[in-house]
Structures are given as structure tokens and as C-alpha cells.
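Work through the exercises below with the sequence and the model open. Each task is followed by a solution in steps.

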Amino acid sequence: MAADGRNWGVERAEVNVDGFDHDSKRQRAAALHPATISQTTDIERAISRGIWQSLRSTFHRYNLETRGIERVLPEERHNLKKLGFVQIGLLWFGVNLAANNITLGMLGPTIFYLSFLDASLCAIFGMLVGCLPVAYIATFGPRSGLRSMILARFSFGWYPAKILVILNIVVLLGYSLLDCVIAGQIMSAVSPNGSLSVIVGIVITAVISWLITTFGYRAFHMYERYAWLPQLIVFSILAGVAGPHFDLYSNPSVGETSATVIGSRISFFSLNLAAAVTYSGGAADLFVYYPEESPRWKVFATTMAGLALSFAFALLVGIGLGSGLATNTTWSEAYGVSQGALIVQGLSPIGTFGSFCSIIIALGLVSNMVLPIYAAGIDFQALNSYFAKIPRVVWNAISCIIFTVCAIAGRAHLAAIFTNFLALMGYWVVIWIAIMLEEHLIFRKWMSLGWNWDAWNDRKLLPVGYAAFVAFLVGWAGAIISMAQVWYIGPLAARIGDYGADLGNFVAFAWAGLVYPPLRWLEVRRFER
């Protein structure tokens, strides 16, 4: 207040009001009455906090998990009973024993023109290599109490890690999309004359999956503990009924050059590797409530066992179904409708009971969807501090809406989505794994930097991320020149056979692994973190 009684602050505001470019009532009010606006803003913030607190209280009342990306502290972990480590294996077995892996196996004979033996060997060894990083990342769940994409901050830093989060959300929603389409195809094929549309089947599967993930960690752990059993039974029935029609000896690649066959083997191997390795982005999320002292080798071994056994069974059944198309006209016609229709046709010899088994297989895809939906809800929170305030269940609902709409739009292009999407998404995961391995073994262990898990949300204590970001770009450059997709074949991949060989995963991993250590060493020297 000036000596003559005038309020110079208000007078200055009055002079500046007409200078605003936009006719904003809030801007004018802020200039004329700054104190009032400040109080209003505080009230709005208080109301906003009250709304979210009320939502969290409601979720807690109905036993819905409200924890988001926050670290689960050691004293907050669950008691580990004898079933604890068995539960890890059962969870992965239940998650992965699903029809999407049957349809993945079909691609060996139908898209890559491989014999039953070639396709089986490529699928089994490819998925085994892909399962190794998943089991490795899973061990960090009990150790850190942090989700997988939060762990990425310890190498990529605060801002570059958000790139991985976005890519992982795409992977998670993409897998859910595939599962919905396959479930819809099966339900439609089972219904009389296809009276149930694929769209209705997609919506049914999405809603059931959303309901399970809404209740959070405990709910889907309980669900997966038992969901594997009916799937194992009906998969065994499918193998027994359709098995006599598998073509174990024909060679679809007759007439192709040896280089082309080798290229197809490498590409199918890489596709199965990508299908497995993309679980890494959510592997730690499942075990953040396990005790900190949980033996890492047990988490690793049970994860590997659960994934490998379920993958192997489903892939071999799928390869067998795909191999029979050349000699079985009925199967070929069903495959022309959809991959899901082929599964239904494989069970057709047992009549109505076969249709019932087909419905069980379709609903079994819910098991494969709960992990990506749950993890996607967490990853959305990791993108932004404002997003973190929105409860996970809200993000789960948004995720379901997104992939359901996309599944309805892309329901007629399942094989194309599989062959293009899966391989492409595997590239960034293997780059992250290369960087994560070197960060762990070289810098945190050998150079004794150690892990400060409490720094997960402090950008001043996390790495700057320059080294990881540059290595990530270099890895992608390697992937681009060595990938073999329907829409693009890199110059390195094109050197093998008529259709190229997808070397993207291997080159991306190697290039990122070569670049990261010296850059990270310089980063540590310069920033000391």
C-alpha cells in the first residue's frame, strides 16, 4: 500500500488487463483479484484431493487394490507360505497356457512354410531364449518391491524411462487385443451358423478380464492358481482328438532354396523369442509383495518352468494344427474363416462336448489378459505425476476400452497383427534387457554402485539417462537394418533368402550392449550417479 492510500499492485494489474491476448475470465480475475484466485485455487485443489481420497476409500471398502507405482516396503510384504514358490510356477503356467500361443504355433507351417519338425524346434528354442529375460526381471520383484517399468528408471533415468513405459503400454494393450480377437473368433465359430458375432465375443472376454483385474493383485493371483487346470484338460483333449490329423512328415518348403528355408527358420525363431520376451515388461509387477529375502534362484527357476512348459504344449498343438491344413480340406476351410475356427474344427469330432471345450479355451484367454491389463494400469501411472494420482482401476478400465475398440476394428487381420506386431515389439524389449543386464552386472555389482531402491521417485538420485538413451537409439538402428517384416526388409536381413531373415532382436541386443558400458562409465564419472 502506497503512502497516498493507493494499491500499486492493483493499479498495475488494471494497466495490464487489456494486454492479454485471450479473453480469459480467469486471467482478468487473476490480475484484478490475485489473492481471491489463490484462495480459489487452494479450494479447487482441496476438492480434487477430497475426490480422489473418497475414491480410494471406496475402492478399499470393496477390497480393491489401491496401491499404484509406490514401492512395496519390506515390512508390507506378505508372509511366504510353502505354496509361495509353487504359486509362481502355477501363475505363469496359467497365464500362458492360452489359445493365443496355439495360433502363434500355426504360423510356422502356414506363414513360414516350415515342416512340423523345423517349426517345433524353432518355436521351442526361440521361446526358451525369450523366457530367460522374463525370469531374470521377475527376480527383481521381491528384491526391490518395484514394478518393472519403475526399475527402468535405474538405468534410463527419469525422462527417457517414459519412452519404455509408452512402448510397454503398447505391448500390453496389443496382447490383450490379440487375445480378445481369438476368443471372439472361437465363440463365433462355436455358435450355430456363426450367430454370435466376433464382436460380441470380444466384448464378453474384455468385460470378464476387466472385472478380475479390478480387484487387483490378490484376485488375479487367486484366479491364476486354479485357472490353468481346465485349460490343461481341454488342451489335452484337443491334442488327442486332432493329433491323428497332424502332418508330421510333409515339407511345405519344397522347392525353396536352402537360404530361404534358413531365413524362415530364423524369422520364426525370432517371432517366438519376441512372444516370450515381451512378458519382461510386467514380470516384476507380479511379485512385489513377496518377501525381500526370497531366494532369487527359486523365483527364476519357477518362472522358467511355468513359462516353458505352457509355451511348449500350446505351440506344439498349434504347429500340429497348422501342419494338417495341406492334407485336411475341412481344416483348411476353417482356417480360411479364422484361426479360432480351426481350433473349433479340431475339436469337432467329439460333437457338442467339443463345442463346450472350445468355449473353455476361449474363456481361458482371460488368464492371458489379466497380467497385461493389470500392468498397463500401473504403467499409465508411471507416465506422469498427475496420472499417478488416478487410481489403477480407472486406468484398467481405460485400457480395456482402448484394446476392445482396437480389437473390434482389427478382428479380420489377426495373422498380420501377429507377425508384424509381435516381432516389432520384441526389439525394444531386448534393447532394454541388454542395458539392464549391464547396469546390474557391471555398474551396480562390479563397480559397487549398489541399488538404492528408495530413490525410485527421486530424479536427482536416479541416473541422468543419457547413456541408456543413446544405446537405445543405436540398438534401434541395428534392429531397423536387420528386421524382416511383411512391410519392410532391412538390408542386412535381405541378404538371407528370398524373404529375408529377421535378425533384429540379435543385432539390436548386440549393438546396444556394445555402446552402453563406455557411455554409462562416462555418465557416472560426470554426474556421479
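A disulfide is a pair of cysteine sulfur atoms within 2.5 Å. This is a predicted model, in which local features need pLDDT of at least 70, side-chain atom pairs count only at pLDDT 80 or more, and totals for chains, interfaces and linings use all residues. Residues are numbered from 1 along each chain as its sequence is written, and side-chain values use heavy atoms, leaving out hydrogens and water.

**Exercise 1.** State how many disulfides the structure holds, and classify Cys180 and Cys122 as buried or exposed.

Step 1. The count of disulfides is zero. For Cys180, the nearest cysteine sulfur belongs to Cys400 and is 7.8 Å away, and Cys180 is in no disulfide.

Step 2. Buried means under 20% relative accessible area, exposed over 50%, and partly exposed in between (1.4 Å probe, protein chains only). Cys180 has 0% relative accessibility and so counts as buried. Cys122, at 10%, is therefore buried as well.

**Exercise 2.** Describe how helix 5 and helix 17 are arranged.

Step 1. Helices are DSSP runs (H or I, at least four residues), numbered from the N terminus. Helix 5 covers residues 99-110 and helix 17 residues 339-346; their axes (lines fitted to C-alpha atoms over the stretch in contact) come within 10 Å and cross at roughly 100°.

Step 2. Angles of 65 to 115 degrees count as roughly perpendicular, so helix 5 and helix 17 are roughly perpendicular to each other.

Step 3. Contact means heavy atoms within 4.5 Å. Ala99, Ile102, Thr103 and Met106 of helix 5 meet Gln339, Leu342 and Ile343 of helix 17.

Definitions and conventions: Axes are lines fitted to C-alpha atoms, for helices over the stretch in contact, and angles run from 0 to 180 degrees between N-to-C directions. Helices (H or I, at least four residues) and strands (E, at least two) are DSSP runs, numbered from the N terminus. Angles under 35 degrees count as roughly parallel, over 145 as roughly antiparallel, 65 to 115 as roughly perpendicular and the rest as oblique.
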